[in-house]
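Open the model in your viewer and keep the selection box at hand. The tour goes from one helix to the next and ends in some loops.

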Amino acid sequence: MSTPGEILNLCKERDVKVVDLRFMDLPGSWQHFSVPVGELTREVFEEGLGFDGSSLRGWQAINESDMLVVPDPTTAFIDPFLEVTTLTLTCNVQDPITREDYSRDPRNVARKAENYLKSTGLAETAYFGPEAEFFIFDDIRFDQNAHEGFYHIDSVEGTWNTGREERPNLGYKPRHKEGYFPVPPTDSLQDIRSEMILTMERCGIQVEKQHHEVASAGQAEIDIRFDTLVRMADKLMMFKYIVKNTAAAHGKTVTFMPKPLFNDNGSGMHTHASLWRDGKPLFHGDGYAGLSDLARFAIGGILHHAPALLAITNPTTNSYKRLVPGFEAPVKLAYSSRNRSAAVRIPMYSASPKAKRLEFRCPDPSCNPYLAFAAICMAMIDGIERRVDPGPPLDKNIYDLPPEEKAKVPTTPASLDAALENLDRGREFLLKGDVFTDEVIDGWIEYKRHHEVDALRLRPHPYEFALYYDI
């Protein structure tokens, strides 16, 4: 579906009763409001519908609260979970007075990144293919107040439940780091994941594979076919929505939190990227791992800007509990073919020039995909324009390097606060073409520091009592 007329015809054919209009807040959660189907006219696709933007995280002040949502007809799908037949449309956000696209609308930032890429003449299209990991739990409880703070996770697959009375306890619970990937009955979530991917395909998302992931307690991964920058961000939001609602229908809960379990693997979002022009892949060449010089410079841009980039691709305090040695999450800013401990990997599954791409392994699924993909794209563009040499590849196991050799390899920031400081200092590559603006970056840093970094810093941690109570 690509035109307003086709969408209106679909509403008649499917007897749609309600239209749900969805858009993004700055941190990265879908927001929505709904209208009766009769309110969706051809004019709405041009003129938009008004709403109050003052209460959305990271958005307008209350004295500038009036906003417009303008539906994108190419994003339509019938919601598979709602009892009332509902058509869902992803929207762009505009100022109702100037009719300019709203600077803090993440989808607007992603659209500007696509347009800027074309304007450089380097490429016409950036393709992205994220591999989002997540946990499917059976129960989650957490609280924080003046006199207590705790979380409690449970899963029928949790290795900690091997001794629990379950009448009967059948065993078959994946041990820590051993969830990749035994067949059922140890993998108890095969049918749920299959239901997720079939629902995705009905909604227009092409799925490549699904499987259990490394961690105990229901870690999963579903890989979807690559697409263009904005469209892939749209699809990743649909992906999260489908995964969470499918799990909820089975009485389970999903989290994309990067590191919910201590001493087990966290959830990453390895992100594949490539650039194309005139229908031809630009990353294929005769260099290392079959790369072109343009691809090497793109890698150079990502590695050079990674300390700032991670403030957007790994945007939570919890993200940096995943980025630690020993759990396959890359903390060394190097590149390699096949070496999964490097921040950038060159997949070698296929010799086809069309399959040549880079895999940025640092990002995690807590990110806002519109901002994350746009930032990665801008880092690649800057690397190509400035011909940033990524240096020699590192094909050794990085964790086994001698200390003096390991110390020479740059590392990722150790905390969100450090990443935000790097973003503050190193934002210039994001400002090209007015893709990210100073106002957007300042707003992002302010929100993250006030609502997350400082908020966590103020609160005692449960483990501090184990360390210090008897001092």
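A residue is called buried when its relative accessible area is under 20%. Keep that cut-off in mind; the model you are looking at is predicted.

**Stop 1: helix α12**

Select residues 438-457, which form helix α12. Which residues of α12 are buried? They are Val-440, Ile-441, Gly-443, Trp-444, Ile-445, Tyr-447, Lys-448, Glu-452, Val-453 and Ala-455. Now show the surroundings: α6, α8, α10 (416-425) and α11 (428-431) are among the elements that cover these buried residues. Then look along the helix to Arg-449, where α12 bends by about 40°.

**Stop 2: helices α6 and α8**

Two of the covering helices, α6 and α8, also meet each other. Select residues 293-313 for α6 and 369-385 for α8. Their axes come within 7 Å and cross at roughly 140°. Angles over 145 degrees would count as roughly antiparallel, and α6 and α8 are therefore oblique to each other. The crossing of this pair, α6 with α8, is right-handed.

To see the contact, show side chains on both helices. From α6, pick Leu-294, Phe-297, Ala-298, Gly-301, Ile-302, His-305, Leu-309, Ile-312 and Thr-313. From α8, pick Leu-371, Ala-372, Ala-375, Ile-376, Ala-379, Met-380, Asp-382, Gly-383 and Ile-384. Colour the residues of this contact between α6 and α8 by class, and you should find 13 nonpolar, four polar and one charged.

Look at the spacing of the picked residues along a helix. An α-helix has 3.6 residues a turn, so residues three or four places apart point the same way.

**Stop 3: helix α3 against α8**

Keep α8 on screen and add α3, residues 106-120. How do the axes of α3 and α8 cross? They cross at roughly 25° and come within 8 Å, and that makes α3 roughly parallel to α8. The crossing of α3 and α8 is left-handed.

On the α3 side, select Pro-106, Arg-107, Val-109, Ala-110, Ala-113, Tyr-116, Leu-117 and Thr-120. They meet Tyr-370, Leu-371, Ala-374, Cys-377, Met-378, Ile-381 and Glu-385 of α8. By class, the contact of α3 with α8 has 12 nonpolar residues, one polar and two charged.

**Stop 4: helices α4 and α5**

Next select α4 (residues 190-202) and α5 (residues 229-249). The axes of α4 and α5 come within 9 Å, crossing at roughly 140°, and the two helices are therefore oblique to each other. The crossing of α4 and α5 is right-handed. Ile-192, Glu-195, Met-196, Thr-199 and Met-200 of α4 make the contact with Phe-239, Ile-242, Val-243, Thr-246 and Ala-247 of α5. Seven of the residues in the contact of α4 with α5 are nonpolar, two are polar and one is charged.

**Stop 5: the loops**

Go to the loop between β9 (149-154) and α4, where Phe-181 is placed. The peptide bond from Tyr-180 to Phe-181 is cis, with omega near -25°. Pro-185 is in the loop between β9 and α4 too, and the peptide bond from Pro-184 to Pro-185 is cis, with omega near 10°.

Finish with two residues that have a positive phi without being glycine. Asp-15, in the loop between α1 (4-13) and β1 (18-24), has phi near 55°. Asp-15 is partly exposed, with a relative accessible area of 46%. Asp-434, in the loop between α11 and α12, has phi near 60°. Asp-434 is partly exposed, with a relative accessible area of 48%.

Methods:
Residues are numbered from 1 along each chain as its sequence is written. This is a predicted model: local features need pLDDT of at least 70, side-chain atom pairs count only at pLDDT 80 or more; totals for chains, interfaces and linings use all residues. Side-chain values use heavy atoms; hydrogens and water are left out. Axes are lines fitted to C-alpha atoms, for helices over the stretch in contact, and angles run from 0 to 180 degrees between N-to-C directions. Helices (H or I, at least four residues) and strands (E, at least two) are DSSP runs, numbered from the N terminus. Angles under 35 degrees count as roughly parallel, over 145 as roughly antiparallel, 65 to 115 as roughly perpendicular and the rest as oblique. A crossing is left-handed if the near helix is turned anticlockwise from the far one by less than a right angle, and right-handed if clockwise. Contact means heavy atoms within 4.5 Å. Ala, Val, Leu, Ile, Met, Phe, Trp, Tyr, Cys and Pro count as nonpolar, Asp, Glu, Lys and Arg as charged, and the others, Gly among them, as polar. The bend at a residue is the angle between axes fitted to the seven residues ending there and the seven starting there. Buried means under 20% relative accessible area, exposed over 50%, partly exposed in between (1.4 Å probe, protein chains only).
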